Amino acid sequence: MKITFLGTGTSHGIPMLGCTCRVCTSSDPRNQRMRPSILVEADKHIIIDTCPDFRTQLMRHPIRRLDAVLFTHWHADHILGLDDLRPFNYWQEGAIPLYGSAQTLDRIKKIFSYIFEPGPYEGAPNVQTRVIGGPFDLDGLWVEPLKILHGKLEILGFKIDDFAYITDASFIPETTQAQIKNIGCLVLNALRYKPHPAHFCLEQSIQQIERINPGRAFLTHIAHQLEHQEVEGCLPSHIRMAYDGLTLEL
Ligand SMILES: [Zn+2]
Ligand SMILES: [Zn+2]
Ligand SMILES: [Zn+2]
């Protein structure tokens, strides 16, 4: 299985519009972060979240077929590239399955009402929502939803084989920690140095990683306070900063 980080930035992307800080103006491409998403390639191609940069991301990492989208939650930085699924409808038969919690899919249906209302606009993407009620087989890949809290909102991370992807978490319940204890590879969000009500800050993220004890871990959903090389220099060697375009062979 191959993982490609399509985007590793927080909701506004890095550089942030109008910002002249050292990270937003950095010449290190690892400090330029699109909104968060990953591509999972096994026998199938799966995307986790269709962020507003979805089209640009897939221009950089072209795929001809997309078998499913998994949604962590319905916030704009995770769903607003949804309409850009349309080209795949030209290249492949059938509706593209969209997996998410009942609440996430319900919100997506409201936000993209023109796709889901009766007699939809004929130019709308051909998609089909599938509510995640527990672990499920996705065309041969075993996917376990991971319940986490994002502020007060319950959202999902995903465990696929020996890999787990968690973004936008501010709390990981004991049951979820047990699900991913000692996992081979963990991706976890780390926003900035200062605490935030709805996202782990760097220190909290490192504490969580120590508890979960993965073989290796990668940080994502990163804001412009964190300079890539500087932060990585302070991290233990099994924890790395993810960056756009980073690929992992698992
Ligand atoms: Zn987010
Ligand atoms: Zn900045
Ligand atoms: Zn969010």
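**Close-up 1. Four protein donors hold the zinc ion (ligand 2) in this predicted model.** Here the zinc ion (ligand 2) meets the SG atoms of Cys19, Cys21 and Cys24 together with ND1 of His224, at 2.0 to 2.3 Å. The site is tetrahedral, with angles of 105 to 114° among the 4 donor atoms. If you trace the donors along the chain, they read C-x1-C-x2-C-x199-H. Look for Cys24 too: this residue is buried, and its relative accessible area is 8%.

**Close-up 2. The zinc ion (ligand 1) sits among two aspartates and two histidines: Asp77, Asp168, His78 and His221.** The aspartates contribute OD atoms and the histidines NE2 atoms, at 2.1 to 2.2 Å from the metal. What makes the arrangement around the zinc ion (ligand 1) irregular? Its 4 donor atoms subtend angles of 93 to 162°, and four donors count as tetrahedral only if all angles lie between 85 and 135 degrees. Along the sequence the donor residues follow the spacing D-H-x89-D-x52-H. Asp168 belongs to the loop between β10 and α6 (174-180), while His221 belongs to the loop between β12 and α8 (228-234), so this pair ties together parts that are 53 residues apart in sequence. Asp168 is buried, with a relative accessible area of 1%, and His221 is buried with a relative accessible area of 1% as well.

**Close-up 3. Asp168 bridges two zinc ions, ligand 1 and ligand 3.** The two metals are 3.5 Å apart, and Asp168 coordinates both. Which protein atoms are the donors of the zinc ion (ligand 3)? They are NE2 of His73, ND1 of His75, NE2 of His150 and OD of Asp168, lying 2.2 to 2.5 Å from the ion. This site is irregular, with angles of 88 to 176° among the 4 donor atoms. Its donor residues are spaced H-x1-H-x74-H-x17-D in sequence. His73 comes from the loop between β4 (68-70) and α2 (76-79), and Asp168 from the loop between β10 and α6, so the pair ties together parts that are 95 residues apart in sequence. His73 and Asp168 are both buried.

**Close-up 4. Seven strands form an open sheet with mixed pairing.** Follow the strands across the sheet and you will pass β7-β8-β9-β10-β11-β12-β13, in that order. At the edges stand β7 (136-138) and β13, each with a single partner strand, so one side of each is left without a neighbour in the sheet. From one strand to the next the twist averages 30°. The antiparallel strands β7 and β8 are joined by 3 bridges, and Phe136 stands opposite Val143 in β8. Helix α7 packs on the sheet, where α7 touches β11, β12 and β13. The direction of α7 makes about 155° with that of β11.

**Close-up 5. The largest nonpolar core gathers 27 residues.** Those with the most contacts inside this core are Ile166, Ile180, Leu186, Leu202, Leu219 and Leu235. At least two residues of the core come from each of β8 (141-150), β9 (153-160), β10 (163-166), β11 (185-189), α7 (202-212), β12 (216-220) and β13 (239-241). Which element supplies the largest share of this core? That is α7, with 4 residues. As general background, nonpolar side chains tend to be buried together in soluble globular proteins. For a closer look, pick Leu186: leaving aside residues up to four places away in sequence, its contacts include Ala164, Ile166, Ile180, Ile209 and Ile212. Leu186 also touches Pro214, Arg216, Ala217 and Phe218. A second, separate core has 25 residues, among them Leu70, Leu138, Ala242 and Leu246.

**Close-up 6. Strand β1 (residues 2-7) is mostly covered and has antiparallel pairings with β2 and β14.** Of the 6 residues in β1, 5 are buried. Strand β2 (residues 37-41) pairs with β1 in the antiparallel sense over 5 bridges; here Thr4 stands opposite Leu39. Strand β14 (residues 247-249) also pairs with β1 in the antiparallel sense, over 3 bridges. To find this pairing in the view, start from Ile3, whose bridge partner in β14 is Leu248.

Key:
Residues numbered from 1 in each chain as written. Chains lettered and ligands numbered in written order. Predicted model: local features only at pLDDT ≥ 70, side-chain atom pairs only at ≥ 80, totals over all residues. Heavy atoms only, no water. Core = buried A, V, L, I, M, F, W, Y, C linked by side-chain atoms within 4.5 Å. Buried < 20%, exposed > 50% of the residue type's maximum accessible area, 1.4 Å probe, protein only. Contact = heavy atoms within 4.5 Å. Donors = N, O, S within 2.8 Å, 3.2 Å for Na, K, Ca; no water. Tetrahedral: all angles 85-135°; square planar, octahedral: opposite > 155°, others 65-115°. Pairing = 2+ DSSP bridges. Axes fitted to C-alpha atoms, helices over the stretch in contact; angles between N-to-C directions.
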